[in-house]
Amino acid sequence: MRKIYIFDTTLRDGEQSPGVNLNMQEKVEIALQLERLGVDRIEAGFPAASPGDLAGVNAVARAVKNATIIGLARSNAKDIDAAREALKDAQDPCLHLFLATSPIHRKHKLRMEKHEVLETAEAAIRYAKKYFSKIEFSPEDAGRTELDFLCEVTAMAIRAGATVVNIPDTVGYMTPDEFGNIFKTLKENVPGIENIQLSAHCHDDLGLATANALAAIMNGADQIEGTINGIGERAGNTAIEEVAMALETRQQFFQAKTSLVLKEIARTSRLVSKLTGMVVPGNKAIVGANAFAHESGIHQDGVLKEKTTYEIMSPATIGLKESKLVLGKHSGRHAFREKLIDLGYELNDEQVNAAFAKFKDLADKKKHVTDEDIRALIDEKLIETPEVFVLETLHVSYGNQSTPKATIRVKTIEGGVIEEAAEGNGSVDAIYNAIDKATREEVELEDYSIKSVSQGKDALGEVHVVLKQGDYSVHGRGISTDILESSAKAYIDAINRLIEKRKVPGRSSRDNVTLI
């Protein structure tokens, strides 16, 4: 079977999802998990966008050893030079250049004729070739580009020195037959096509991203580009886990496979969901909570008799399994460490100690601590935002015939203590008004969501918020058995992220976003 390379753009295209802002530490944590997952190529960001983006790509380049690290650049020397700086420490660097080629982009965005597009792209590739042995070129909006011109662009890119040519369905417009035909046509008509790899980058605006990616594979694509959980601009990108499991489950049909460590899929999905704040829908293929759940009596009977009656994949394949080790308030550190290993976490002693303390606090409040509870504690603890403000105490007064009032006490990074009280339309509103007074930050609450981490009346509740201040948009999360405490923690976490983000010069979260 031929190998299909996996190009992960969770850290670049995925971060362009509205409301998603990853700090440097979070980017590195996701990149290291992508390395464990076994992706071949990691697009770490867009270095020319800002000094912060450049530093983030460089941090990933220094941390990851077993995957190609890629930086995005427009077809100009300034962007290429920024990518050079960001990727200077990468063991295996690659530059991703792009320029739009479709009639609508040529006319309205670039204001270029065909020959100008060809000349600009060729000059950029030849300049980049002085510094990079690996170059991927993307004709943006290739799906809506004339086929004869797309063949001409691809031939030019090969002559100029590109090692990969990526065909993006930038706006998710194509059908599988149309998209597959592009690859078939390029394979049959472009001189030297056998000397490079062809890649497919699909968006999900019409819900066809995975189908289009598989159609590309059937017609000769060597590489698939996508994100974990399918996150990304607008309706998102091809979900890498869907393509990987389609190839795995239907091997005889596709006659192709990836080199992904499939049992890392579930863990990777959870980490990306936690750090981006983007909840995975329950009915999401492969990684949704209901993907391996059966409620119908007929289905349950069938699965009990023979799993393959209604399960075409084993949950163990993607790293989902039930553990027999039950933890509670009497459990010791050794049992806790074994549980972490069983769940796939590799922590140092300091991290284990911090997580164990949190676990003990939770065990005093709950009879049974589930695997999901532990995962929530670990994912919350591993990635820490610099804490300018820390929640110390919270008191809320509420009655259905009175105005809710909240009193909040926070500790500052200098060691001081601030206490403020405020009223609101509800308990959460009162808490947030009190935090605003204590932190003296003027922010707009763009999104507030609650989900139960586990089951039962004593379940952990996770709150996710998105705050906006001017051009900055940040997310925060908080976990507790008390949903009001979770709400306060999430809001303060977002405030801390906002303060940290303001320290980094450069673009705001949505400036210079780029579609490929």
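Two strands count as paired here if DSSP finds at least two bridges between them, and that rule is worth keeping in mind during this tour of a predicted model.

**The whole chain**

Begin with the entire protein chain selected, which holds 17 helices and 16 strands. Of its 516 residues, 55% count as buried, while the surface that the chain exposes comes to about 22,600 Å², with carbon and sulfur atoms supplying 49% of that area. If you display contacts between residues at least 6 apart in sequence, 67% of them join residues at least 24 apart.

**The sheet S14-S15-S16**

Select strand S14 (444-452), then strand S15 (residues 461-469), and look at the pairing between them, which is antiparallel and extends over 8 bridges. For one point of reference within this pair, find Asp447, whose bridge partner in S15 is Val466. Adding S16 completes an open sheet of 3 strands, in the order S14-S15-S16 and with antiparallel pairing. Strand S14 (444-452) and strand S16 (472-480) are the edge strands, each of them pairing on one side only, and neighbouring strands of this sheet are turned against each other by 15 degrees on average, direction ignored. Now bring in helix H11 (residues 265-276), which lies across S15 and S16 and runs at about 115 degrees to S16.

**The sheet S11-S12-S13**

Move next to another open sheet of 3 strands, whose order is S11-S12-S13 and whose pairing is antiparallel. Its edge strands are strand S11 (389-399) and strand S13 (417-423), each pairing on one side only, and the twist from one strand to the next averages 15 degrees. Strand S12 (residues 402-412) is joined to S13 by 7 bridges, and within S13 you can find Ala421 standing opposite Thr407.

Two helices can be selected together with this sheet. Helix H16 (residues 427-439) lies across S11, S12 and S13, and runs at about 140 degrees to S13. Helix H17 (residues 483-502), by comparison, lies across S11 and S12, running at about 140 degrees to S11.

**Strand S6 and its partners**

Select strand S6 (residues 135-140) and show the side chains. Which of them point one way, and which the other? Ile135, Phe137 and Pro139 point to one side of S6, whereas Glu136, Ser138 and Glu140 point to the other, and all of these residues are buried. Because 6 of the 6 residues of S6 are buried, the strand is largely enclosed by the rest of the structure.

Strand S5 (residues 93-100) pairs with S6 in the parallel sense over 6 bridges, and Leu99 has Pro139 in S6 as its bridge partner. S6 also pairs in the parallel sense with strand S7 (residues 164-169), in this case over 2 bridges, and here Glu136 stands opposite Val164 in S7.

**The nonpolar cores**

In soluble globular proteins, nonpolar side chains tend to be buried together. To look at this in the model, select Ile69, Leu97, Phe137, Ile167, Phe179 and Phe183, which touch the most other members of the largest nonpolar core, a set of 93 residues. Helix H6 (residues 147-160) contributes the largest share of this core, 9 residues. A second, separate core has 25 residues, among them Ile408, Tyr432, Leu467 and Ala494.

Return to Phe183 for a closer view of its surroundings. Leaving aside its neighbours within four places in sequence, Phe183 is in contact with Ile167, Leu198, Ser199, Ala200, Ala216, Asn219 and Ala221.

**Helix H9**

Now select helix H9 (residues 240-249), which is mostly covered, with 8 of its 10 residues buried. These buried residues are Ile240, Glu241, Glu242, Val243, Ala244, Met245, Ala246 and Leu247. What do they pack against? Select strand S2 (5-8), helix H8 (209-218), strand S9 (223-226), helix H10 (251-254), strand S10 (256-257) and H11, and you have the elements against which the buried residues of H9 pack.

**Two cysteines**

Finish with Cys94 and Cys202. Since buried means under 20% relative accessible area, Cys94 counts as buried because its value is 7%, and Cys202 is likewise buried, at 1% relative accessibility. With a disulfide taken as a pair of cysteine sulfur atoms within 2.5 Å, the count comes to 0 disulfides.

Terms used:
Residues are numbered from 1 along each chain as its sequence is written. This is a predicted model: local features need pLDDT of at least 70, side-chain atom pairs count only at pLDDT 80 or more; totals for chains, interfaces and linings use all residues. Side-chain values use heavy atoms; hydrogens and water are left out. Buried means under 20% relative accessible area, exposed over 50%, partly exposed in between (1.4 Å probe, protein chains only). Helices (H or I, at least four residues) and strands (E, at least two) are DSSP runs, numbered from the N terminus. Contact means heavy atoms within 4.5 Å. Accessible areas come from the Shrake-Rupley method with a 1.4 Å probe; for residues, only the protein chains shown count as cover. A nonpolar core is a set of buried Ala, Val, Leu, Ile, Met, Phe, Trp, Tyr and Cys residues joined through side-chain atoms within 4.5 Å. Axes are lines fitted to C-alpha atoms, for helices over the stretch in contact, and angles run from 0 to 180 degrees between N-to-C directions.
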